[in-house]
Amino acid sequence: MIKQVGLAIANFGQFEMFDRTSESFKQFEEKFLKPISDTVMDDKLKIDHKNSDGHTSLMKAAQAGCLVVCEILVNGSKVSQVNGLSLDGARIAAKDDQGENAVHKACAAGHLHVVIFLLKRLVYE
């Protein structure tokens, strides 16, 4: 999972400003986002798996400012009946070895759009 997120992040910069309905974004979505989404759909996957630095996929995506990947990870595979939000997506409050979570990572990197998204979802976590 972390490797797939890394690939999406590495290629996201060139698509960040594209409209999500554009053909270019659709190609990015098919090549990089669909594999992440498909992996999230696998109930056996531990979405909050940490790498050797204690970082989760969500932390990596938040630090890179990759909102679309954060959305996939947080929304998870099953949608709850409460406000249409997922209850089984990535845990926003999960902490790394330094006690920081995805919100801290996005703040430190200056990605306000990701911070706002994560804080809105954190209320339901």
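These questions and answers concern a predicted model of one protein chain.

Reader: How many helices and how many strands does the protein chain have?
Author: Read along the sequence, the pattern is α-α-α-α-α-α. No strand interrupts that pattern, and the totals for the protein chain are 6 helices and 0 strands.

Reader: What percentage of the residues in the protein chain is buried?
Author: A residue counts as buried when its relative accessible area is under 20%. The protein chain has 125 residues, and the buried share of them is 43%.

Reader: Which helix supplies the largest share of the largest nonpolar core?
Author: This core has 21 residues, and Leu58, Ala62, Cys70, Leu73, Val114 and Leu118 have the most contacts inside it. At least two of its residues come from each of H3 (57-64), H4 (67-75), H5 (102-109) and H6 (112-122). The largest share is 6 residues, and the helix that supplies it is H4.

Reader: Which residues of H3 are buried?
Author: In soluble globular proteins, nonpolar side chains tend to be buried together. H3 is one of the helices that supply at least two residues of the core. The buried residues of H3 are Ser57, Leu58, Met59, Ala61 and Ala62.

Reader: Which residue just after H3 takes a positive phi?
Author: H3 covers residues 57-64. Just after this helix there is a phi of about 75°, and the residue that takes it is glycine 65.

Reader: Is valine 69 buried or exposed?
Author: Valine 69 lies in helix H4. Its C-alpha atom is 7.9 Å from that of leucine 58, although the two residues are 11 residues apart along the chain. Because its relative accessibility is 0%, valine 69 counts as buried.

Reader: Where is asparagine 101, and which residues does it touch beyond four places away in sequence?
Author: Asparagine 101 has its place in the loop between H4 and H5. Its relative accessible area is 9%, so asparagine 101 is buried. Leaving out residues up to four places away in sequence, asparagine 101 touches Met59, Ile92, Ala93 and Ala94.

Reader: What distance separates the backbone nitrogen of valine 103 from a polar atom of the side chain of asparagine 101?
Author: Valine 103 falls within H5 (102-109), while asparagine 101 is in the loop between H4 and H5. The distance from the backbone nitrogen of valine 103 to a polar side-chain atom of asparagine 101 is 2.9 Å.

Reader: What share of the exposed area do carbon and sulfur atoms supply?
Author: The protein chain exposes about 7,100 Å². Of this area, the share supplied by carbon and sulfur atoms is 53%.

Methods:
Residues are numbered from 1 along each chain as its sequence is written. This is a predicted model: local features need pLDDT of at least 70, side-chain atom pairs count only at pLDDT 80 or more; totals for chains, interfaces and linings use all residues. Side-chain values use heavy atoms; hydrogens and water are left out. A nonpolar core is a set of buried Ala, Val, Leu, Ile, Met, Phe, Trp, Tyr and Cys residues joined through side-chain atoms within 4.5 Å. Buried means under 20% relative accessible area, exposed over 50%, partly exposed in between (1.4 Å probe, protein chains only). Accessible areas come from the Shrake-Rupley method with a 1.4 Å probe; for residues, only the protein chains shown count as cover. A polar contact is a pair of N or O atoms within 3.5 Å; within protein, one must be able to donate a hydrogen and the other to accept it, and residues adjacent in sequence count only if both atoms are side-chain atoms. Contact means heavy atoms within 4.5 Å.
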